Amino acid sequence: MEELKSALRDHSLTVSNLADKGRCLFTTRDFHPGEIIISQEPYVCVPNNTPAESRCDGCFTSGNLKKCSACQVAWYCGSTCQKSEWKLHRLECTTFSKLDKSRRKSVTSSIRLMVKLYLRRKLQSEKVIPSTATDNYDLVKELVAHMSNIDEKQLVLYAQMANLVNLILQCPEINIKEIAEIFSKFACNAHTICDSELRPLGTGLYPVISIINHSCLPNSVLVFEGKSAVVRAVQHIPKGTEVFISYIETAGSTMTRQTSLKEQYLFTCRCPRCSKTGQYDDVRESAILEGYRCKDHKCDGFLLRDSDDKGFVCQHCGLARNKEEIKNLAMKIKEVSEKAVTSTSSGNHREAMSMYKRIEKLQSQLCHPFSISLLRTREKVIEVYFCTLNHLLIYLTPVNFELILFHSYYSFLLLI
Ligand SMILES: [Zn+2]
Ligand SMILES: [Zn+2]
Ligand SMILES: [Zn+2]
Ligand SMILES: [Zn+2]
């Protein structure tokens with residue numbers, strides 16, 4: 001901890017251990033909007049490899065890759081990436097090469113992440129790979145696992161995965177309970193590495209970034225530049241303030257946010273936004289984000305459930321919407337959405353495009369104009385549109401469309 005503290009001091013940051021919330025990252029000087037607070041390379045990471053698409057182990061690019069002929073698990077774009085990964089892959093390669101074909105198929109991303117974690121720890125303890133204050137296994141040990149909050153079914157699954165890791169590594173000193181606990185740490189701490197269009201490329205463990213706590217009203221944002229996790233200030237952060245990022249999508253109602261935090265990260269958020277639960281501002285925000293629109297399309301009031309539960313009433317003009325009519329529209333949307341998913345997965349982009357446009361039309365009749373579902377559909381329309389113009393993508397990739405759209409939308413919400 002002392003070593004880490006002194007490394008963070010150089011970045012004008014410090015770690016505090018608070019009784020009620022554990023480790024927290026604090027600033028020791030003012031940070032300005034857009035400024036990098038901290039960045040970290042992954043302790044270990046794995047690309048998302050599917051039978052349909054593989055990614056380079058070194059840089060996560062796809063296309064024109066060569067498979068490692070010895071293990072048939074890792075892919076590389078060229079010799080530079082292969083060389084940069086070799087110290088770790090040499091051990092991993094020997095381990096995977098010993099497996100028979102069927103067992104090799106059971107090596108999922110999380111199993112591979114665990115195997116890499118053990119091998120990297122071994123190489124660092126043997127000093128084959130150097131350790132630093134921000135790159136060592138002790139930082140992984142410090143990560144929260146929330147073992148007491150995990151249900152029995154999940155524990156059994158972790159134990160099975162731990163057994164498989166043990167079989168792969170064939171290392172007698174490995175402790176199954178410890179592996180199961182690290183799987184739980186992965187679930188609470190590992191990050192999905194995304195490209196600039198927020199497409200998931202892989203998974204990585206960033207133990208220093210994991211010190212940063214969650215807020216639904218964060219002062220910073222985590223983005224990925226290649227495999228590096230970069231935390232930037234999104235507002236002026238005065239000296240002595242805790243740094244917060246959001247672990248989830250912030251544009252959801254309090255109930256939606258709390259549910260996903262509880263399910264995925266096993267904690268209850270007590271941020272300023274969540275502590276407003278049930279207050280007028282929170283009810284209004286939730287009804288806008290996930291509620292229905294007024295019957296009068298010129299009115300942008302938000303709707304709340306009628307006291308006799310027959311429908312929903314606009315809080316601005318008093319017009320009511322019938323429950324049945326809402327239910328029918330929601331059913332139609334569900335039907336078309338299922339068809340749109342099928343068209344997208346079968347690669348029929350033109351059909352998918354017309355489906356999403358239909359969904360947008362139906363949702364415009366059902367949802368509040370600033371609803372998150374409507375925003376998601378519009379993003380889909382843009383995404384499918386780009387798919388139909390695939391060749392144009394080459395020129396347009398630097399534009400982080402989704403992120404811009406999301407941020408402008410959210411800033412707008414905060415203004416209203
Ligand atoms: Zn590469
Ligand atoms: Zn290999
Ligand atoms: Zn919150
Ligand atoms: Zn109204």
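Hi everyone, let me start with a pair of strands: strand β14, residues 311-314, is joined to β15 by three bridges, and the two run antiparallel. If you want one pair of residues to find on the screen, take G311, whose bridge partner in β15 is N322. Helix α10, residues 323-345, packs on this sheet and touches both β14 and β15. The direction of α10 makes about 60° with that of β15.

Before going on, please keep in mind that this is a predicted model. The average pLDDT for the protein is 88, and 93% of the residues score at least 70. Where should we be careful? Over residues 391-416, pLDDT stays under 50. For that stretch the model has 15 contacts beyond four places in sequence.

Back to the sheet we began with. It is an open sheet of three strands, in the order β13-β14-β15, with antiparallel pairing. Which strands stand at the edges? They are β13, at 303-305, and β15, at 320-322; each has a single partner strand, so one side of each is left without a neighbour in the sheet. From one strand to the next, the twist averages 30°.

Now let's move to the start of the chain. Here strand β1, residues 13-18, pairs with strand β2, residues 22-27, in the antiparallel sense over six bridges. The two strands make a hairpin, with three residues between them. You can spot L18 here, with G22 in β2 as its bridge partner.

What does the UniProt record say about this part of the chain? It lists "domain: SET" at residues 11-248, in an unreviewed entry. That span is 33% helix and 21% strand, and its end C-alpha atoms lie 26 Å apart. UniProt also places "domain: MYND-type" at residues 56-93, again from an unreviewed entry. Over residues 56-93, the chain is 39% helix and 11% strand, with 15 Å between the end C-alpha atoms.

Next, another open sheet, built from three strands in the order β4-β8-β7 with antiparallel pairing. Its edges are β4, at 44-47, and β7, at 191-194; each has a single partner strand, so each keeps one side without a neighbour in the sheet. Ignoring direction, neighbouring strands here are turned by 30° against each other on average. As a quick reminder, strands of a sheet pair through backbone hydrogen bonds, either parallel or antiparallel.

How many bridges join β4 to strand β8? Four, and β8 covers residues 200-205. V44 stands opposite L205 in β8. Helix α4, residues 109-125, packs on this sheet, touching β4 and β8. Its direction makes about 150° with that of β4.

My last stop is helix α7, residues 176-189. Why can we say that its length fits? At 1.5 Å a residue, the 14 residues of α7 should span 20 Å, and the end C-alpha atoms are indeed 20 Å apart, so the two agree. Which residues of α7 are buried? They are I179, A180, I182, F183, S184, K185, F186 and N189. And what do these buried residues pack against? Their neighbours are α4, α6 at 152-169, and β8. We have already met two of those: α4 touches β8 as it packs on the sheet.

That's my tour, and thanks for listening!

Notes. Residues are numbered from 1 along each chain as its sequence is written. Chains are lettered from A and ligands numbered from 1 in the order in which they are written. This is a predicted model: local features need pLDDT of at least 70, side-chain atom pairs count only at pLDDT 80 or more; totals for chains, interfaces and linings use all residues. UniProt positions are given in the numbering used here, feature names are shortened, and annotations may be inferred rather than shown by experiment. Two strands pair if DSSP finds at least two bridges between them. Axes are lines fitted to C-alpha atoms, for helices over the stretch in contact, and angles run from 0 to 180 degrees between N-to-C directions. Two residues are in contact if their C-beta atoms, placed from the backbone, lie within 7 Å. pLDDT is the predictor's confidence in each residue, from 0 to 100. The expected span of a helix is 1.5 Å times one less than its number of residues. A residue is buried if 20 or more other C-beta atoms lie within 10 Å of its own, exposed if 12 or fewer, and partly exposed in between; C-beta atoms are placed from the backbone.
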